[in-house]
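Biologist: I've got a model open on my screen and would like to talk it through. Could you take me around it, one question at a time?

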Amino acid sequence: MKKIYSFSSKEYLKDEEVLQSIGSRGVRVMELASLGAPVSPGFIIANDVLPDIISDSSVAFELYKDPIAKMEKVFGKGFNDKSNPLLVKVVESPMLNMVNTLSTIHNIGLGDHTVDGFAAYVGEDFAYHEYANCVQKIVELELLTDIDKRRAAKLEELRNKLKSSQKKAQVVKTINEYRSLFPNDIFTNTHEQLLHVVRLFTTLFKKTPTSSDSCLLVQAMVFGNYGKNSGFGNFFTHDIITGENKISGQYFESAFDSRQKDGIEIQKVKPALRKELERIGSDLEKHFKEIRRVRFTVENGKLWVIDQDPVPGKSTQAEIKTLLDLNKAGVIDKEYVINAIKPGRLAEILHPALDLTSVQKFASVGGGIAGAVGAAIGRVYFSTDELLKAYKKASQENEDADFILAMPSTFAEDVKAIEVAKGVLSSEGGYASHAPVVARSLGKVALVYPKIVWKKGSMKIGQREVKEGDYITLNVPYYDAPIVYFGKASLSKPTPEGSGLLELLEIVQDFIDGFDVHANADQPKDAELARLFKAHGIGLCRTEHMFFHEDRINSFRSMIIAGSLQEREKALAKLQKMQVSDFYHLFKIMAGYPVTIRLLDAPLHEFLPHTSDSMKEFIAYFRKLYPKVTETEIRNRCDLLKEFNPMLGHRGVRVAISFPEIYNMQVRAIFEAAYKLKAEKIDVLPEIMIPIVMTANELKTVRNGKRIEGKAIIGVRDLEAEVRAKVKATKPIEYRVGTMIELPAAALQADRIARYADFFSFGTNDLTQTTNGLSRDDFNNFFSDYNEFDLLEENPFKVLGEQVKEMIAIAAERGKLVRPDIHMGLCGEHGAEPENIPFAKDIGLTYVSCSPYGIPIAKLAIAQMNISRAREAAAAAKK
């Protein structure tokens, strides 16, 4: 086996066995050369020959002779030549692809006799600066070896003086002062200088376990300041933000690197150079099947590629569009496109992305819980009222209307602020708490940072105090830790159209069969976005969210605290008109697909005012309707609705039993909207979901109705017939009645409940709480402690726990035993998490449902799962 391997644009290794022996840097340069890129020539010294080289200089010179001669011929320069010296660099090439390796030594070949010849081409200051830097790096390398303290102290002195030596006279003086520390040959003979560096590397390889088998790469240096027709540049093979199929970067004329002067856009370089760079970029993309960053130098009109590497900071949009371009070019197939993208990254394309260059000088604090991914910039406000006032003023005066809502926690009345804000920052709760859930449904950014200290008119994050009105920037990526930056950054604002996402979803849909994704949507804009993302229905319409808007909330509150049935029905009549319109638009947008409408579920007190200002506003509204009711009476009625444990209190089906007129209103509205669309010849499939059911009798009562002495609950069946008669329809519409399985009691009684349910929807948020006895709003107060002791591997409100899975599996099996054709899906926040999807499919569910912004993530995860399983099945069939 050869001991030294030369490389150039025309000479490179092909033998796989040999390639495995030359280290990661060696492989990279050989790979680049094999693609026909203009690689600066050099050679690689195998690890096993290094001991021979350092023990016998004659062996070294004999091995170097031919490779160096090849390098000299390419450049027309001479190694150890006084007038036009060839310079080289020595680089560690480790067997493992490590980030931390020994420092590269540049410009070996600069000595007392060659530095002035080099200066004739690059200038005296630059030449002597590089000479000083070369000696300094040699010193630093030796300091890593085992040397005595006295010598180490002298070397430290030399290093410090070299750092401050800028001009020729200073450099010469410093080197002469410390020349006796080294053999004189390393300043007067470049061959000896190279051998000295190789000896130092070899010594360090022996004492460093991770470098013990490393090789050395020696490569000719090229300079962008080597005459007029020279320069340095770097470019990306696609635009790393927009994904546009063109190279993007900068070129620095007559410069060694990007620090010396301002550059010009790469598109403005001479056409011949740009054409060659585009060819190189295209070849690299086809080979690596991704965007690459390329650094290059032009020396005396000749182009040399210095290095190329992946681009970890590229946007998701850029990644997708590059893959789509490669697919259209026939370089990769559809399966490759699907498997190349991490599902979670798709969340980034649906939200503004942070321009990292804009926050380089910002103070920041990291950590917290990612509630809803993306980036958001805005002025901070600490209450809904103050934020809405600021938003109104900014809109009227055409000022910056970007705001961040920052509160310990949010409630129903804060939704209107989250809706107009760019993001929400809270300190209580976690991924499944109110602020993140609402933010995800509205496409906003949310971060839960438990360590915020709240003060009057300010908050303290880390060591920084933020006052109301100050700018902050939230960056909440999917895979990395969230960061709060103190200041106003810059964002890119991608849209689904033109981002490549819709084209990707077309490809993804080819690999989805049967098991698909529905949307959690309760507003027309959510439903429209869901259809754009190819949702096959609405799996959860939270009707309580429909009453949060400021023009509805007080009407709804009036209904809640009504003093009599007559008052409540008066308020419900007004709300019914709103609900008919709500359901009409959702059904129309989802024409032909099922729409699962969950009847009112939230505890009633959650809709009541939580601040003194909102309470005053509501009192004024209610007294205008009912002047005889005093303020004290209104406050008392509100207080009577408060519960000690509302999550397990008066909500869901329990409201239907106590106040059947509320559910009656909603069911009538559903059927009125459905029959209206049927008259317009639009297909609809309403699914009426009864929440928080714990026994079969509850569902039976709501579905079929029940009469007792002096009281009656009108069933869904009778309400449909009533509406059908009212609109004079001759044939009943198709509809389903089902329930959300969110209590262990319901899961264990699923066989009995299935007698009255056409479908089950697994509400995994509450099922996780009730199975584990965990509050999703308080869990994060101690989750970190559990994590520290490895008591919980995953956040159970993101990844389904084993106990919750077992509850779902029991309910699914028992439900199907009684009703084999029962429809089943999962509609909790777990639905968009790729880790949960295989389980959901394997137990017989037919869909997962998630916020519109989670649909692409879930669809991609399903496609990846289907591809993987198809491959496994094909491989098993061959055995």
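**A walk through the model**

Modeller: Sure, and let's start at a loop: L144 is found between α6 (124-143) and α7 (149-164). Keep in mind that this is a predicted model.

Biologist: Is L144 buried, exposed or partly exposed?

Modeller: Go by relative accessible area: buried means under 20%, and exposed means over 50%. L144 has a value of 45%, so the class for this residue is partly exposed.

Biologist: Which residues does L144 touch, if I leave aside its neighbours within four places in sequence?

Modeller: One partner sits 60 residues away along the chain: the C-alpha atoms of L144 and L204 are separated by 7.3 Å. With the sequence neighbours set aside, the contacts of L144 are L102, L204 and K207.

Biologist: Let's zoom out. What share of the chain's residues count as buried?

Modeller: The chain has 34 helices and 33 strands, and its C-alpha trace spans about 110 × 70 × 55 Å along the principal axes. About 38,600 Å² is exposed, with carbon and sulfur atoms supplying 50% of that area. Of the 879 residues, the buried share is 54%.

Biologist: Of the contacts between residues at least 6 apart in sequence, how many join residues at least 24 apart?

Modeller: Contact here means heavy atoms within 4.5 Å. Among contacts in the chain that pass the cut of at least 6, the share joining residues at least 24 apart is 70%.

Biologist: Which element gives the most to the largest nonpolar core?

Modeller: In soluble globular proteins, nonpolar side chains tend to be buried together. The largest core here has 149 residues, and F587, I690, F760 and F762 touch the most other members. With 11 residues, the element that gives the most to this core is α25.

Biologist: Which residues does F587 contact, again without neighbours within four places in sequence?

Modeller: F587 is one of the core residues that touch the most other members. Its contacts beyond that sequence window are V595, I597, I670, A673, A674, L677, V684 and P686.

Biologist: And how many residues are in the other core, apart from that one?

Modeller: Look for I68, I105, L194 and L195, which are among its members. This core lies apart from the largest one, and its residue count is 34.

Biologist: Now for empty space. Which element supplies the largest share of the lining of the largest cavity?

Modeller: The structure holds 1 cavity of 30 Å³ or more, with about 60 Å³ of space in it. Its lining includes P660, Y663, N664 and V667, and by class it divides into 9 nonpolar, 1 polar and no charged residues. Both α25 (660-679) and α27 (716-727) supply at least two lining residues, but the largest share, 4 residues, comes from α25.

Biologist: What about the open space: which residues lie nearest the centre of the largest pocket?

Modeller: The pocket has a volume of about 1,300 Å³. By class, its lining has 24 nonpolar, 13 polar and 13 charged residues. Of the 50 lining residues, those nearest the centre are P312, G313, K314, S315 and R345.

Biologist: Which element gives the most to the lining of that largest pocket?

Modeller: Several elements give two or more residues, including β10 (302-310), α12 (316-328), β14 (374-381) and β21 (471-476). The top contributor, with 6 residues, is α12.

Notes: Residues are numbered from 1 along each chain as its sequence is written. This is a predicted model: local features need pLDDT of at least 70, side-chain atom pairs count only at pLDDT 80 or more; totals for chains, interfaces and linings use all residues. Side-chain values use heavy atoms; hydrogens and water are left out. On a 1 Å grid over the protein atoms alone, a cavity is a set of points where a 1.4 Å probe fits but cannot get out, and a pocket is an open set with protein on both sides within 12 Å along at least five of seven lines; lining residues have an atom within 4 Å of a point. Grid points are joined across faces, edges and corners, and a volume is the space filled by probe spheres set on the points. Ala, Val, Leu, Ile, Met, Phe, Trp, Tyr, Cys and Pro count as nonpolar, Asp, Glu, Lys and Arg as charged, and the others, Gly among them, as polar. Buried means under 20% relative accessible area, exposed over 50%, partly exposed in between (1.4 Å probe, protein chains only). Accessible areas come from the Shrake-Rupley method with a 1.4 Å probe; for residues, only the protein chains shown count as cover. A nonpolar core is a set of buried Ala, Val, Leu, Ile, Met, Phe, Trp, Tyr and Cys residues joined through side-chain atoms within 4.5 Å.
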